[in-house]
Amino acid sequence: MRLSRIIMALTVGLAVVAVPAAAGAAQPQPTPSATADPPQPPPYPPAAASLTVNRPTIFLGETVLLTGTGFGPNETVDIVVTVAPLAAPAGGQAPARRSDGSTVAMVPVAYQASAPLTFTAYTDAQGRFTKHYKPSVTGHLTFTATGRESGRSASTELRVLHKKQPLPVTGDSIGTPMKLGGGLVGAGAVMLLLTLAWRRRQRLGGTAH
């Protein structure tokens, strides 16, 4: 009798302990909210702007084409041009010489612009622009383009040389060929006279026999 009571008490105790555990397991687990924001991709840096020129070196009076990419869409781009002088001949360098040995004076190039030049360009929906530019000075030109809204900036360089000048015809360049030609004519005349004299001598020798 006592044993059956003990078994019954153990059974009731196990039942009491098992009921809360089963009730907790039966409750629905919380699910992620369908309205939660999806994870955002990592941020990427904005595209870098670039500025190029179609020809790195031109002569004064020629036109170049500037091309800018990577700027803001439909924005105004300010372009600043700074000018540096062309390099003068190094000190102590031997002067150029003509064919007759005379020297040619080398005049250093003067600085021709003290203030930068400015102009504007306008980008399309892709942030791209093209602009024709005709320099009015010689030297090393640096173009710096900056977008007003995007703040993006890029630069490029251009070298502008003096116009090609035809080589002048000087007395030295004419005199040298004339002297050479005169010398050849004189040598030919001497050889002709010697040949005639030799033939005459041969004829006289044959007559004497």
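**Exercise 1.** Place Thr 76 in the secondary structure of this predicted model, and decide whether Thr 76 is buried or exposed.

Solution. Step one: Thr 76 is found in strand S4. Step two: the relative accessibility of Thr 76 is 14%. Step three: the cut-off for buried is under 20% relative accessible area. Thr 76 therefore counts as buried.

**Exercise 2.** Which residues does Thr 76 contact, leaving aside its neighbours within four places in sequence?

Solution. One group of contacts is Thr 120, Ala 121 and Tyr 122. The other contacts are Thr 146, Gly 147, Arg 148 and Glu 149. To place some of these partners, compare them with the strand limits: strand S7 covers residues 117–122, and strand S9 covers residues 139–147.

**Exercise 3.** Give the strand order of the open five-stranded sheet, and name its edge strands.

Solution. Step one: the order is S2-S10-S9-S4-S7, and the pairing is mixed. Step two: S2 (57–59) and S7 each pair on one side only, which makes them the edge strands. Step three: from one strand to the next, the twist averages 30°.

**Exercise 4.** How do strands S9 and S10 run, and how many bridges join them?

Solution. S9 (residues 139–147) and S10 (residues 153–161) run antiparallel. Eight bridges join the two strands. For a specific position, Thr 144 stands opposite Ser 155 in S10.

**Exercise 5.** Classify the ring pair Phe 71 and Phe 129, and state what parts it ties together.

Solution. Step one: the structure holds three aromatic pairs. Step two: for Phe 71 and Phe 129, the ring centres are 5.6 Å apart and the planes stand at 55°, so this pair is tilted. The angle falls in neither the stacked range, under 30 degrees, nor the edge-to-face range, over 60. Step three: Phe 71 lies in the loop between strand S3 (64–69) and strand S4 (76–84), whereas Phe 129 lies in strand S8 (residues 129–133). The pair therefore ties together parts that are 58 residues apart in sequence. Step four: both Phe 71 and Phe 129 are buried.

**Exercise 6.** Describe the geometry and the setting of the pair Phe 119 and Tyr 133.

Solution. Step one: the distance is 5.1 Å centre to centre, with 15° between the planes, and the pair is stacked. Step two: Phe 119 belongs to strand S7 and Tyr 133 to strand S8, 14 residues apart, so that distant parts of the chain are linked. Step three: Phe 119 and Tyr 133 are buried. Step four: together with Phe 143, Phe 119 and Tyr 133 form one aromatic cluster.

Methods: Residues numbered from 1 in each chain as written. Predicted model: local features only at pLDDT ≥ 70, side-chain atom pairs only at ≥ 80, totals over all residues. Heavy atoms only, no water. Phe/Tyr/Trp six-rings, centres within 6.5 Å; stacked < 30°, edge-to-face > 60°. Helix = DSSP H or I, 4+ residues; strand = E, 2+ residues; numbered from the N terminus. Buried < 20%, exposed > 50% of the residue type's maximum accessible area, 1.4 Å probe, protein only. Pairing = 2+ DSSP bridges. Axes fitted to C-alpha atoms, helices over the stretch in contact; angles between N-to-C directions. Contact = heavy atoms within 4.5 Å.
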